Every structure is written in C-alpha cells, then in structure tokens.
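Here is a friendly walk through one chain, going from single residues to the way its parts pack. Keep the viewer open as you read.

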Amino acid sequence: MKDSVRLTMGDWQWNAALVGFINIVGKNNINFIDNDTIEFSPNILAGFENKFFDYLIKTYEETLSWYKIVSFKDFYYLHVQEHFDNFDLESLKFLNNYIGNVKKYLKSNSYKAAYELIKPECNMLEIEKKLCKVKEPKNKEQFSENKAKIIYEVEKVIIILKKAIEYCESANGKRHIAAKNIIYTIVKNAWSGVSFLNRTPTEKDVYLDYKNYFVEPAIDYLKSDDSKYKYTCFSCNCKMKDMGNDMSFLTETGFDTARKSSHVWNFQNDIAICPICKLIYSCLPAGMTYVYGKGLYVNANVRLIDAIQINNKIKKEILTPEKGQMHLVYPALIKTLQEQKNETEKYELADIQVVRYENETYRFSMLSRKMQEIIVNSKNDLNNIIKATFEENNEVVRIYDAVIDRVFNSQNLFTLIHRMLYYKIANSSKCHFIGGQINNLLCINQRIYKSFGGLKMEKTLEQSEETFDLVKLANKAGYYLRKAYNDKGSDNKLPGICYRLLNALKTGNDEIFMDVILNCYLYINATVPKVITEVLGDDKGFSTMGYAFVAGLIDGKNSNENSGKNKGGETNEK
C-alpha cells in the first residue's frame with residue numbers, strides 16, 4: 001500500500017469535498033495541510049464509513065426527524081414531575097401535533113427499512129397504530145372541567161410514546177434511523193443514484209453499502225500497482241486502470257457519459273476519476289452546509305485552511321443559531337465574513353466565489369472585495385433588517401436575503417425599496433417592517449454607489465454644523481410633512497400623495513416629484529426643505545432622498561425598535 005496520499009485544491013466542488021473529507025477524519029489526523037495541498041495516511045480510511053455517518057449525524061442532529069422524536073422526552077418529563085399541574089389546552093395541542101408527526105415518521109419507508117437492522121425489541125408499526133391523539137375540548141373552560149379525564153388519557157399515550165422514544169434513542173436505533181434521515185435530508189442534495197441512493201441498492205445496511213461502493217475500492221486502489229495503468233484521473237491526474245468511475249452521481253454537475261456522449265469532445269468520453277477521488281467527492285455533504293433544502297459554500301481557494309475555517313464557521317452559525325433566529329443561511333454567511341475581517345488587522349479581503357444550492361440547483365456569485373467591504377461596513381444596518389419581511393403573491397419575501405442577493409450581483413436596492421413602500425401603502429398588515437428599516441436599505445445602497453464612485457454625497461448644509469446626512473434629513477422631512485397633514489385632519493390624502501411620489505421616482509421624473517412636493521408644502525403653508533432641493537440634478541442622490549422622504553411620509557418611524565418582531569419571520573421564504 002502507498003505510504004501517503006497527496007491531494008491539491010481545484011474547482012469549488014472538489015474544494016468543498018476536500019473540506020468535507022477533513023471534517024470527517026479530523027484535521028489532527030491529516031499529516032499536513034500546506035496552502036492548497038493536503039497529505040494523509042491511507043490508514044485513516046479504516047472504518048471510514050462509520051466516520052462519514054458519525055460526523056453528519058453529529059453535525060445535523062437537531063435538524064433530523066429522529067431528534068424531533070427523542071427530544072420530546074423533555075416535555076413529558078417536565079409535566080410528569082409537576083404532576084401535570086401546568087398542563088393546559090396549549091400543551092395538549094402541542095402533544096397532539098407531536099403525535100401526528102411521530103406517526104408519520106414511524107410508518108415512513110425509510111424508518112421501515114431501518115427497523116429491519118435494529119434488534120426487534122418491539123414492533124414499531126404496532127406502536128404507531130396504538131398511538132392516538134387525545135380528544136381536544138373546544139375551549140379552556142371545557143379543558144378545566146375535564147382535566148382529570150384528559151390527563152388520564154395523556155398518561156396512557158405517554159406510556160406508548162416512551163416505548164417509541166426508547167427504541168429510537170437506543171444505540172442501534174440512532175445509528176440506523178439517524179443515518180436514514182441524513183441520507184434523505186443532506187446527502188441526496190450532493191449526490192445520488194449510487195450506493196444506498198441507487199434505486200435498487202444491493203445492501204440494506206447503508207454503512208456496509210457505502211463501504212463496499214466507496215471505501216473498499218479506494219483501499220484496493222492504494223494497494224494496487226499503477227505502473228501499468230494507461231488512463232489518467234480527470235481530477236488528480238493519477239494513473240488508473242479503467243474509465244469505470246465517472247462523475248454522473250454528483251447532483252446537477254455530473255452526467256451519464258454513456259447516454260449523453262454529446263457532452264464531451266468529439267463524443268469520446270475522457271472524464272473519469274480514480275477511486276480515491278470518488279471517495280473524496282462523496283464527502284461533499286460534509287463540506288457544503290445544507291439546511292432545509294438550501295446549501296452554501298464559500299470557495300476560498302487560495303489556502304485550504306481558510307476554506308475550512310470560513311465554511312465551518314458558517315456551518316456553526318447556521319446550525320446553532322441564536323434563539324429566535326432559525327436556521328438562516330445568509331445571516332450566517334455575512335456574520336462569518338464580518339468576523340473574518342475583524343479577526344486580524346493583517347487580514348485582507350480577497351474576491352471569493354459563493355456557491356448556493358437552492359431549488360435543487362447551484363447558483364454562483366463572485367463576491368468582490370468592494371462588495372465584501374460594503375457588507376462589513378453595513379453590519380448594523382443588516383442586523384436591523386434580519387427579521388423584516390413582506391408578502392408578495394402569497395409568498396413571504398425575506399428582506400435580508402433580497403438585499404444580499406442584490407449585493408452579490410452588484411445591483412442597487414431601489415427596485416426592492418420601491419416594492420416595499422408600495423406594499424406598505426397597499427396592505428400594511430402584510431408588511432413586517434418600519435420606515436427605519438427602509439433607511440437601513442438606503443444607507444446600504446449609498447455605500448454601493450459610493451464604492452463604485454457613482455454617488456456624490458460630499459455636500460454640506462449649515463444645519464447643526466453636521467455633515468449632510470441625506471437619508472436621515474429626508475426621512476425627517478417626510479415625517480414632519482405627515483405630522484402637518486395629521487394636524488390639519490387631512491391624513492386621508494397621504495396614500496394618494498405617496499403613490500404619485502413613488503411613480504415619479506420609479507420613472508425618474510423629478511419634475512412630477514417636485515410638482516407634488518410643491519403642492520404639499522403650499523397646502524400646509526411651509527417652505528420646501530433644503531434636503532429636497534439640494535439634490536436636484538443628481539439622479540441617484542435624488543432617488544435616495546425621494547425614497548427616504550416617502551418612507552417618513554408613510555409611517556414616520558425613525559427608530560428600529562421592535563422592527564421585525566412578526567410572525568412573517570417564521571413562514572416560508574422566497
């Protein structure tokens with residue numbers, strides 16, 4: 001057997017797989033990591049199938065349906081200790097919802113397949129049939145009247161639930177059920193069609209199947225004499241015996257070389273990989289971070305140690321979010337970039353490739369140094385909009401994600417701001433943001449234009465001897481105009497005024513905008529603020545002022561207090 005294996009960084013997918021391999025075996029078990037190269041002993045491949053699943057289960061444990069089953073014990077232990085004194089109608093509804101989920105999980109095909117490999121201490125399908133929801137009373141009064149009878153029924157259900165939890169929580173239960181969860185929630189995002197994800201797998205035990213398909217061929221390859229091999233690995237350039245291993249198993253990147261020969265030059269396939277590279281590619285789910293159908297990888301391709309550090313930080317932020325933050329992808333990425341910048345004064349931002357997995361396809365963005373600086377300098381503004389949302393076509397748009405999407409693509413935020421203000425006027429009940437958060441977007445937008453030299457904002461006004469703050473002053477002007485209309489009892493006119501102002505801003509027509517503004521200030525018998533007239537002739541400055549002014553005119557809230565505290569943050573994202 002060869003004494004060591006040496007691998008070098010390449011494209012994003014190979015790099016993510018290398019990071020995943022290192023995560024699985026442990027950085028301390030790699031002989032050395034030197035810039036873009038790693039070297040390891042073949043001995044670490046012993047028992048690799050167990051290391052593969054152990055890492056993924058440990059990393060994603062709290063996102064698995066297995067965890068949702070076993071974690072319920074905290075709920076019933078608490079109420080049993082309290083003799084159900086605090087058990088109320090909401091607790092009963094929670095219990096019934098949990099029972100519904102457990103029944104769905106226990107009779108699913110993946111769980112049934114796992115039962116065959118776990119010692120039959122009890123029949124889980126029989127337990128599923130016995131599990132029944134406890135009848136819920138119509139209201140709290142009826143619950144109080146029948147509490148003793150309800151608690152009796154609850155205690156009977158809990159006895160059955162405990163058997164299911166104990167079965168799943170056993171060593172074998174976790175090993176096989178959690179592994180099945182990992183396969184269908186994490187691994188299938190990265191690759192499919194082979195090993196345990198083949199339509200007709202050869203082994204019921206997924207550990208053994210993975211070992212036979214990926215691990216054993218790699219070990220056998222390292223033991224073989226490759227001096228007479230005539231083919232070359234497409235990924236690492238090492239010699240190999242045949243062209244039997246292709247990359248068709250990789251989701252959205254590989255293709256069937258036998259059936260789609262038009263994908264290669266002159267219909268002659270030269271894309272094949274050695275068993276070692278195939279094993280490394282199988283580690284992609286451990287390098288890229290996946291959560292609820294979305295994935296993220298930052299391709300820091302200069303130094304492998306940086307790629308490991310950045311992506312593992314992102315993974316930690318996504319999978320261990322602060323209370324109430326949920327498993328959000330973009331905030332985790334941004335927080336990691338901000339921390340990376342602040343770690344050392346010697347650290348210099350470099351252009352990086354961001355790979356996102358959404359709607360079962362990969363999306364790529366190049367995040368330039370300028371855009372990273374905008375993100376770092378916009379830390380407070382981004383934090384203020386993290387929970388802000390609005391509804392569009394019956395879908396929830398998470399404003400934070402929409403902003404980052406535009407930053408990634410070097411786009412300004414005016415169209416997003418326009419939509420937000422329009423919906424705020426049309427149906428404010430579906431808009432979970434305030435005027436202060438519009439200001440946050442406008443400040444980020446200013447940084448985008450300043451970064452590319454497209455916005456001249458160095459003018460000053462003799463007002464409190466402060467630097468001209470366009471967003472703040474324009475928002476304040478809108479707020480005071482709204483107040484003046486309210487004092488005159490004419491606040492019903494404001495929606496129509498806002499619509500006309502927004503239409504003027506959308507079409508870039510400053511004449512119509514100023515015509516509306518002049519009529520407004522004539523109506524309240526006041527002078528048009530300098531913040532409006534100072535930016536005439538500066539298209540981008542005028543748009544910034546206009547949207548800030550309309551934001552103040554709509555709700556006049558300059559504070560971010562209580563921003564984003566809404567139910568919308570808990571619904572599906574767009």
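Ser378 is in contact with Ile444 and Arg447, once its neighbours within four places in sequence are left aside. In this predicted model, Ser378 sits in the loop between helix 16 (369–377) and helix 17 (379–384). Is Ser378 buried or exposed? Its relative accessibility is 1%, and since buried means under 20%, Ser378 counts as buried.

Another pairing is worth a look in the viewer. Lys450 belongs to helix 20 (residues 435–451), and its C-alpha lies 9.7 Å from that of Ile374, although 76 residues separate the two in sequence. Lys450 is partly exposed, with a relative accessible area of 46%. A similar kind of pair involves Asn109, a residue of helix 6 (residues 109–115). From Asn109 to Lys180 is 71 residues along the chain and 10.0 Å in space, C-alpha to C-alpha. Asn109 is exposed, and its relative accessible area is 64%.

On to the backbone. Ser195 has a positive phi of about 50° although it is not a glycine. You will find Ser195 in the loop between helix 10 (171–190) and helix 11 (206–223). Asn359 also has a positive phi, near 50°, and is likewise a residue other than glycine. Asn359 is placed in the loop between strand 8 (352–358) and strand 9 (361–367). Where do they stand in terms of accessibility? Ser195 counts as buried at 5% relative accessibility, whereas Asn359 is exposed at 65%.

The table gathers the accessibility values discussed so far.

| Residue | Relative accessible area | Class |
|---|---|---|
| Ser378 | 1% | buried |
| Ser195 | 5% | buried |
| Lys450 | 46% | partly exposed |
| Asn109 | 64% | exposed |
| Asn359 | 65% | exposed |

Now for the chain as a whole. Its secondary structure comes to 25 helices and twelve strands. Of its 574 residues, 49% count as buried. Among contacts with a separation of 6 or more, 71% are made by residues 24 or more positions apart.

In soluble globular proteins, nonpolar side chains tend to be buried together. Here, the largest nonpolar core has 193 residues, and Phe21, Phe48 and Trp191 are those with the most contacts inside it. Helix 9 (residues 147–169) supplies the largest share of this core, eleven residues. What does Phe21 touch, not counting residues up to four places away in sequence? Its partners are Ile30, Ile38, Phe40, Ile44, Leu45, Phe48, Ile280 and Cys283.

Let us finish with a pair of helices. Two packed helices are described by the angle between their axes and the distance between the axes. Helix 23 (residues 510–523) packs on helix 25 (residues 539–554) at an angle of about 40°, and the axes are 12 Å apart. Why are the two called oblique? Angles under 35 degrees count as roughly parallel and 65 to 115 as roughly perpendicular; an angle of about 40° is in neither class, so helix 23 and helix 25 are oblique to each other. The crossing of helix 23 past helix 25 is left-handed. On the helix 23 side, the contact is made by Asp510, Phe513, Met514, Ile517 and Tyr521, which meet Phe542, Met545, Gly546 and Phe549 of helix 25. By type, the residues of this contact are seven nonpolar, one polar and one charged.

Terms used:
Residues are numbered from 1 along each chain as its sequence is written. This is a predicted model: local features need pLDDT of at least 70, side-chain atom pairs count only at pLDDT 80 or more; totals for chains, interfaces and linings use all residues. Side-chain values use heavy atoms; hydrogens and water are left out. Axes are lines fitted to C-alpha atoms, for helices over the stretch in contact, and angles run from 0 to 180 degrees between N-to-C directions. Helices (H or I, at least four residues) and strands (E, at least two) are DSSP runs, numbered from the N terminus. Angles under 35 degrees count as roughly parallel, over 145 as roughly antiparallel, 65 to 115 as roughly perpendicular and the rest as oblique. A crossing is left-handed if the near helix is turned anticlockwise from the far one by less than a right angle, and right-handed if clockwise. Contact means heavy atoms within 4.5 Å. Ala, Val, Leu, Ile, Met, Phe, Trp, Tyr, Cys and Pro count as nonpolar, Asp, Glu, Lys and Arg as charged, and the others, Gly among them, as polar. A nonpolar core is a set of buried Ala, Val, Leu, Ile, Met, Phe, Trp, Tyr and Cys residues joined through side-chain atoms within 4.5 Å. Buried means under 20% relative accessible area, exposed over 50%, partly exposed in between (1.4 Å probe, protein chains only).
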